[in-house]
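Visitor: Hey, got a minute to walk me through this one? I'd like the fold first, then a few local spots.
Guide: Sure, let me pull it up.

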Amino acid sequence: MEKEREREERDRRKRNLIIKGIKREGGDIWKEIEEIGKEIEVEMEIEDIRKLRGGREEKGEIVIIKLRTEENRKILENKRKLRGRKIWIEEDQTFNERKIKWKLRQIAGEEERTGKKVKLGYGKIWIEGKWWFWDEEEEILKDAGGRQREEGGKDKRDENVYKIAFWNVAGLMNKDAEFWKELIGWDIMCLSETWVEEKGWEKVRNKLPKDYIWETRWAERRNKKDRAIGGMLMGIRKEMKIEKDKEVKNREGIITKKVRIGEEWWRIVGAYVNNNLEKKLEELRE
């Protein structure tokens, strides 16, 4: 019941924004807000304006505006253009949302004091190349794979459990933000049909999670007019012990690494099979 009320409250507020520091000086508050919209280069379609009590008069009024459409994100992105105007724009968040925001800021401050790079998002925090998400029920940080973040920044996990993915991605250039976030949930992943050529590697590498070592097999074109086909990518968490495997490194459609899992060495093999299964199996037996 409480979750449902919270969800309804967030839904009710999602088109709201709080603006602080408005000084009308006898003017029309609607026009004042329209002027703010012009300054940040966003046409704000306002449904309602409500003044909040509190605050010191010399610092200006505090109002809640309700927009006709969900254009909050663009307004929040452009609010930096008001720098120096002593006007502040922020989301109209519930008490629980503000509590989460405060907690994440506290964590960010602690991490920054240890020299780590940190970025804050809505309900999440980026620390040294990895996103962590706030679990509202347990009130802890977890990664995309559900692993808890312990004090000191380590993942809380079963030492004997590793998540391995083999995934035909049908191209990497067209993927959205959710795809790249989902990769973080795996310890080892082998992506086939990446369609990534060597000349396009930098663009892809900038989107990949930073906590992994990446091994590549480039896609190739049969002729200049055709689209590049094939291509493979293997990612292994940097914290895992890896042994270089040179035996099948240059074989087409095969990518392999040896990793230490517990007390044993395991060979992880990714093979792209395109009507040549027997040939691939024979190559792996050699």
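**Strands, helices and a glycine**

Guide: Let's start with a hairpin: strand 16 and strand 17 (residues 264–271) are paired antiparallel, with 8 bridges. Keep in mind that this is a predicted model.

Visitor: Which residue stands opposite Lys257 in strand 17?
Guide: That's Ile268.

Visitor: And what does Gly262 do in that hairpin?
Guide: Gly262 has a positive phi near 65 degrees, in a hairpin with 2 residues between the strands.

Visitor: How many residues of strand 16 are buried?
Guide: 6 of the 8, so strand 16 (residues 254–261) is mostly covered, where buried means under 20% relative accessible area. Strand 16 also has antiparallel bridges to strand 15 (residues 242–243), 2 of them. There, Glu243 stands opposite Lys258.

Visitor: OK, zooming out. How many helices and strands does the protein have?
Guide: 7 helices and 17 strands. The protein has 286 residues, and 40% of them count as buried.

Visitor: What about surface, how much does the protein expose?
Guide: About 18900 Å², with carbon and sulfur atoms supplying 45% of it.

Visitor: And contacts, what share comes from residues 24 or more positions apart?
Guide: 52%, counting contacts in the protein with a separation of 6 or more.

Visitor: Let's go to the sheet with strand 1. In what order do its strands come?
Guide: The order is 2-3-1-4, in an open sheet of 4 strands with antiparallel pairing. Strand 2 (46–52) and strand 4 (88–91) are the edge strands, each pairing on one side only. On average, neighbouring strands in this sheet are turned by 25 degrees against each other, direction ignored.

Visitor: How many bridges join strand 1 to strand 4?
Guide: 4, with strand 1 (residues 16–22) and strand 4 running antiparallel. One pair to click on is Ile18 and its bridge partner Glu90 in strand 4.

Visitor: Which strands does helix 2 lie across?
Guide: Helix 2 (residues 29–39) lies across strand 1, strand 2, strand 3 (61–67) and strand 4. Against strand 2, helix 2 runs at about 110 degrees.

Visitor: Now helix 1 and helix 4. At what angle do they pack?
Guide: About 85 degrees, with the axes of helix 1 (residues 2–13) and helix 4 (residues 95–113) 9 Å apart. That makes the two helices roughly perpendicular, because angles of 65 to 115 degrees count that way.

Visitor: Which residues of helix 1 meet helix 4?
Guide: Glu6, Arg10 and Arg13, and they meet Asn96, Glu97, Arg98 and Ile100. By class, the contact of helix 1 with helix 4 has 5 charged residues, 1 polar and 1 nonpolar.

Visitor: New topic: how many bridges pair strand 5 and strand 6?
Guide: 4, in the antiparallel sense, between strand 5 (residues 118–121) and strand 6 (residues 124–127). Gly121 is opposite Lys124 there. This hairpin has 2 residues between the strands, and Gly123 takes a positive phi near 70 degrees.

Visitor: Last one, Gly185. Where is it found?
Guide: In the loop between helix 5 (177–183) and strand 12 (188–192).

Visitor: Why does Gly185 count as buried?
Guide: Because its relative accessibility is 5%, and the cut-off for buried is under 20%.

Visitor: What does Gly185 touch, apart from residues up to four places away in sequence?
Guide: Ala144, Gly145, Arg147, Lys163 and Arg237. For Gly185 and Gly145, the C-alpha atoms are separated by 3.6 Å, though the two residues are 40 apart along the chain.

Methods: Residues numbered from 1 in each chain as written. Predicted model: local features only at pLDDT ≥ 70, side-chain atom pairs only at ≥ 80, totals over all residues. Heavy atoms only, no water. Pairing = 2+ DSSP bridges. Axes fitted to C-alpha atoms, helices over the stretch in contact; angles between N-to-C directions. Contact = heavy atoms within 4.5 Å. Parallel < 35°, antiparallel > 145°, perpendicular 65-115°, else oblique. Nonpolar A, V, L, I, M, F, W, Y, C, P; charged D, E, K, R; others polar. Buried < 20%, exposed > 50% of the residue type's maximum accessible area, 1.4 Å probe, protein only. Areas by Shrake-Rupley, 256 points an atom, 1.4 Å probe, with all protein chains shown as cover.
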